[in-house]
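Thanks for making the time this morning. I would like to walk you through one structure, going slowly from strand to strand, so please have a look at it with me.

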Amino acid sequence: TFQSTGYSGSTGTLDWQGAWFEVGDDASSTSGLVQQVFDNNERTVRIGQAGGTTAVNTRLVRDLGDLSDYDSAFVNVTYRCSGLQSSGAVQVQVSPDGGGSWTTLTTISGCNNATQYSNEVISLPPGSWDQDTRVRVIVSTALPAGGYLYVDDIQFRFTSSTTLSGPQLGSLADREAAGTGGAAPNPALPGDPPLPVGHLHLISQ
């Protein structure tokens, strides 16, 4: 759910790098083709307009920052459409290099639901995130008049498979129980390593 602070704010364990920003619109979170609205009692972002088409490349963008230390990534997008015919399409894309190149994660088109949101979980392909990761929601085919996309939530989950050094016997409980004199063969110390096995960080709006 988007925050009352407009295009800033974060609800995950990691912060976004800066706020969302519009391209191809009026740069305001309260007006224009892209704006924050209340929908079904949730604060969402809406793309589209009633009085005309919404042009290709109208978009909302945000930086995620340096994510090069992570080994796997997923994004969870919660959205609904209203009057979004097959002639119009919006894509969710991610860039590893600050917008130099983009990978399309999903294309949303040909949907219409007055109330119900859909939830799509997408695995990011290798190479689609790096030291200057960025995400955007972009109109890839012009939306017809009265065609809207509502985005309620965008959550990124990044994990690291960084391994611990020394002998490992499975779970933390196993390692603690196997030590002699109360010492584990490979004790788990806070912050060492900073990214333990399977550790997950969440960047959420």
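Let me begin with a question: how many residues lie between S2 and S3 in the hairpin that they form? Bearing in mind that this is a predicted model, the answer is two, and in that turn Asn-40 has a positive phi of about 55°. The two strands, S2 at residues 34–39 and S3 at residues 42–47, pair in the antiparallel sense over six bridges, and one of the bridge partners to look for is Val-45 in S3, which sits opposite Gln-36. S2 is mostly covered, with five of its six residues buried.

Staying with S3, I would point you to Arg-46, which lies in that strand and touches, among others farther than four places away in sequence, Leu-33, Val-34 and Tyr-148. The C-alpha atoms of Arg-46 and Leu-33 are separated by 7.8 Å, although the two residues are 13 apart along the chain.

Now to the interior, where the largest nonpolar core has 36 residues, and where Phe-156 and Phe-158 have the most contacts inside it. Among the elements that give two or more residues to this core are S3, S5, S7 and S10.

Finally, the cysteines: the structure holds one disulfide, which joins Cys-81 to Cys-111 with an S to S distance of 2.0 Å. Because Cys-81 lies in strand S5 and Cys-111 in strand S7, the pair ties together parts that are 30 residues apart in sequence. The torsion about the S-S bond is about -50°, so this disulfide is left-handed, and Cys-81, at 2% relative accessibility, counts as buried.

Notes: Residues numbered from 1 in each chain as written. Predicted model: local features only at pLDDT ≥ 70, side-chain atom pairs only at ≥ 80, totals over all residues. Heavy atoms only, no water. Helix = DSSP H or I, 4+ residues; strand = E, 2+ residues; numbered from the N terminus. Contact = heavy atoms within 4.5 Å. Buried < 20%, exposed > 50% of the residue type's maximum accessible area, 1.4 Å probe, protein only. Pairing = 2+ DSSP bridges. Core = buried A, V, L, I, M, F, W, Y, C linked by side-chain atoms within 4.5 Å. Disulfide = S-S within 2.5 Å.
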